[in-house]
Amino acid sequence: MLSDTEKELKKQYLDLLAEKYDSEEKVATEIISLESILELPKGTEHFVSDLHGEFHAFQHVLRNGSGNVQAKVHDIFDNRLDQKTMNELIALVYYPEEKIKRIRGQFNSKAERYEWYEKTIQRLLEVITYTSSKYTRSKLRKALSPEYVFIIEELLYKSNKYNNKKDYYETIIRQIIKLNQAEKLIMSLANTIQRLVVDHLHVVGDIYDRGPHPDKIIDTLIDYHSVDIQWGNHDVLWMGAYSGSKVCLANLLRICARYDNLDIIEDAYGINLRPLLTLAEKYYDDNPAFRPKKHPEKTPSESERLQITKIHQAITMIQFKLEAPIIKRRPEFEMESRLLLDRVNYQDRTVEIEGVVYPVENTCFRTVDPRQPSALLEEEKEVIDKLLISFQESEKLRRHIDFLMKKGNLYLRYNGNLLIHGCIPIDEQGEMEGMVINGQYESGRALVDEFEKHVHYAYEQKDEHDDLSTDLVWYLWTGKYSSLFGKRAMTTFERYFIQDKKTHKEKKNPYYHLREDEAVVKKMLKEFDLDPEQGRIINGHTPVKERDGETPIKANGKMLVIDGGFSKAYQSTTGIAGYTLLYNSFGMQLVAHQQFNSKENMLETGEDELSIRRVVDEELERKLIRDTNKGVELQKEIDMLKALMNYRYMKKSTHR
């Protein structure tokens, strides 16, 4: 039963709805339209993860729809065109502008070029007809370039059954070519196909760090027609920095220095690193442990490499110092063991970890006061304060973080599946692990919800730098019970300063071996109010070592891990260049990608760099929009429209 307040709110809503649908016929038409849409096949979902700034590889996967474009072209033309011609058409769809430039010089005459235009337009129209067959005309229209909507619709829906319009259609094509619009139309058709083969994109975390162009990835996503994001640990690091966390800022600057990606900070986001360089030049020298990793797109000079090495040391020491006050004021974080600057014997150059004394090497402790190891120098304070202001004042970064906050969450329940970047913290028995936040013990879904609440609060209160919410954003990056980190401790200090590699090992949460167990995965799905029999968990974060025989399909298909190594830094370990996932009305397919060499190779050969598609499952009955999240929303609209019809009827009856 509705309360009086709820009844009044419903009445007000129905009155507003009545203004939009001011006649019974309009209401009926909308109900008919929505009921019909429910019976269409569900659109194709495209899942990608752990992009790590690899813009060119991501762009390629986005343009080819993880092989969806290739599959559609083969479906239509396998018995009509040879492989070379199909490859040419596929490359044209992926990179229309560049492909057209290459083709221009291949024609011997204007007539030959015009013939190619006509054939290509007709073939692209066939692909659009096929790829749009499960969409309404209204949805297709929105996917078309506004400049050519009339022309494309006329050609798509042409009918010459009574031989009355043959000259009409021929004139359209002829005039397109005569008025020098053919190439622009071809590019428009190709872009429409790219959009139609994927209805919705899921980015399951980690857009930032390691690779060179995360900013370009986000610019692409901002313009994408339908997308959601599940934040990764590296994304939250950047979000935390923008939200006022100096320690998050120090971490991301350290990672950029480590991977020789400081250009992202200076060139992409316009943040001046000169104060940090001045500090670094004053206190630090060359240090082999801090030299940047080789960059795939550039080779720095010796002087540039030395500058980066010094910056790397300076920001690392600032990071270690900034971590200590948080650990001390938040005992509930259980991170006292990470106060390693306090455990260093600065005279004999050793450190004690878990009762064992290790020598420390490649040290850079010139700014450390052994009496107060975590105390920042005034110069260090000034540098990190200036950097934080610059970070928060970057217009481009503000736009990108705003987008991540608007489109992102820590997890998403979508069409019966759970999308989460990292993990659900559990113990060895598969029970939900948790921690005390604000005096309240939280675990499982409630814990992740609490983390997300604090991410939002930190973002909304950017001037509060040392509050619980800002500290928790950093905890998500590195904490024992973080749903993003998924390990017991981050051994950054050990990796820089201790030679014994046993100390480098980061023990993973039991989630990462128990996710092979179907019963445990079903329990986690149930924790998030999803059907454990029908649902799946879709995960990123940990590269799948296919080279070692690891499979991304776990727990009898209940768990799918799609981080296969987009990042070039991982590809020597994984043996591939990433997994993506497609989920259409017929079922799920996992796609393994070979290393993306170059756009030039694709334009030259037309051969796509995909590996085998693996069928995860096939639906016994084709899934319809009715069976999706979108279907639930549409059904609510239908129910409200039917309530409006009934409301009008009741009002009429009252006035009789």
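Which backbone nitrogen does the side chain of Asn584 reach? In this predicted model, the side chain of Asn584 comes to 2.9 Å from the backbone nitrogen of Phe586. Asn584 belongs to strand E15, which covers residues 579-584. With a relative accessible area of 24%, Asn584 is partly exposed, because the buried class is limited to values under 20%. Apart from neighbours within four places in sequence, the contacts of Asn584 are Lys42, Gly43, Thr44 and Lys134. The C-alpha atom of Asn584 lies 6.3 Å from that of Glu45, although 539 residues separate the two in sequence.

A second pairing of positions far apart in sequence involves Asp608. Asp608 sits in the loop that connects helix H26 (599-605) with strand E17 (610-618). Its C-alpha atom is 8.3 Å from that of Ala91, and the two residues are 517 residues apart along the chain. Asp608 has a relative accessibility of 13% and therefore counts as buried. With residues up to four places away in sequence left out, Asp608 touches His60, Asn64, Gln70, Tyr94 and Met602.

Of these contacts of Asp608, His60 and Asn64 are also among the buried residues of helix H3. Helix H3 spans residues 55-64, and nine of its 10 residues are buried, so the helix is largely enclosed by the rest of the structure. The buried set consists of Phe55, Ala57, Phe58, Gln59, His60, Val61, Leu62, Arg63 and Asn64. Gly65, just after H3, adopts a positive phi of about 55 degrees. On the other side of the helix, His52 occupies the loop between strand E1 (45-48) and H3. His52 has a relative accessible area of 1% and is therefore buried. The side chain of His52 reaches the backbone oxygen of Tyr208 at 3.0 Å.

The largest nonpolar core contains 190 residues, and Leu221, Trp238, Phe365, Phe493, Phe497 and Ile537 have the most contacts inside it. Helix H17 (residues 302-329) is the element that gives the most to this core, contributing 11 residues. A second, separate core has 14 residues, including Val27, Ile31, Ile37 and Ala643. In soluble globular proteins, nonpolar side chains tend to be buried together. Beyond the residues up to four places away in sequence, Leu221 touches Phe58, Leu201, Val203, Ile207, Val227, Ile229 and Phe403. One of these partners of Leu221, Phe58, is a buried residue of H3.

Two cavities of 30 Å³ or more are present in the structure. The largest cavity holds about 210 Å³ of space. Its lining is formed by 19 residues, and those nearest its centre are Phe320, Glu323, Ile327, Arg338 and Phe493. H17, helix H21 (468-478) and helix H22 (492-497) each give two or more residues to this lining. The largest share, five residues, comes from H17. Phe493 thus appears both in the lining of the largest cavity and among the residues with the most contacts inside the largest nonpolar core.

The second largest pocket has about 860 Å³ of space. It is lined by 31 residues, of which Ile37, Lys139, Asp199, Ile625 and Lys630 are the closest to its centre. At least two lining residues are supplied by each of helix H2 (24-37), helix H8 (137-143), H11 and helix H27 (629-655). Ile37 is also a member of the second nonpolar core.

Helix H11 comprises residues 182-196, and its 15 residues should span 21 Å at 1.5 Å a residue; the end C-alpha atoms are 21 Å apart, which agrees. H11 is mostly covered, with 11 of its 15 residues buried. The buried positions are Ala182, Glu183, Leu185, Ile186, Ser188, Leu189, Ala190, Thr192, Ile193, Gln194 and Leu196.

Positive phi values also occur at residues other than glycine. Arg210, in the loop between strand E2 (200-203) and helix H12 (214-222), has a positive phi of about 75 degrees. For Arg349, phi is near 55 degrees. Arg349 is placed in the loop between strand E4 (344-345) and strand E5 (350-353), and its relative accessible area of 39% makes it partly exposed.

Conventions. Residues are numbered from 1 along each chain as its sequence is written. This is a predicted model: local features need pLDDT of at least 70, side-chain atom pairs count only at pLDDT 80 or more; totals for chains, interfaces and linings use all residues. Side-chain values use heavy atoms; hydrogens and water are left out. A nonpolar core is a set of buried Ala, Val, Leu, Ile, Met, Phe, Trp, Tyr and Cys residues joined through side-chain atoms within 4.5 Å. Buried means under 20% relative accessible area, exposed over 50%, partly exposed in between (1.4 Å probe, protein chains only). Helices (H or I, at least four residues) and strands (E, at least two) are DSSP runs, numbered from the N terminus. Contact means heavy atoms within 4.5 Å. The expected span of a helix is 1.5 Å times one less than its number of residues. A polar contact is a pair of N or O atoms within 3.5 Å; within protein, one must be able to donate a hydrogen and the other to accept it, and residues adjacent in sequence count only if both atoms are side-chain atoms. On a 1 Å grid over the protein atoms alone, a cavity is a set of points where a 1.4 Å probe fits but cannot get out, and a pocket is an open set with protein on both sides within 12 Å along at least five of seven lines; lining residues have an atom within 4 Å of a point. Grid points are joined across faces, edges and corners, and a volume is the space filled by probe spheres set on the points.
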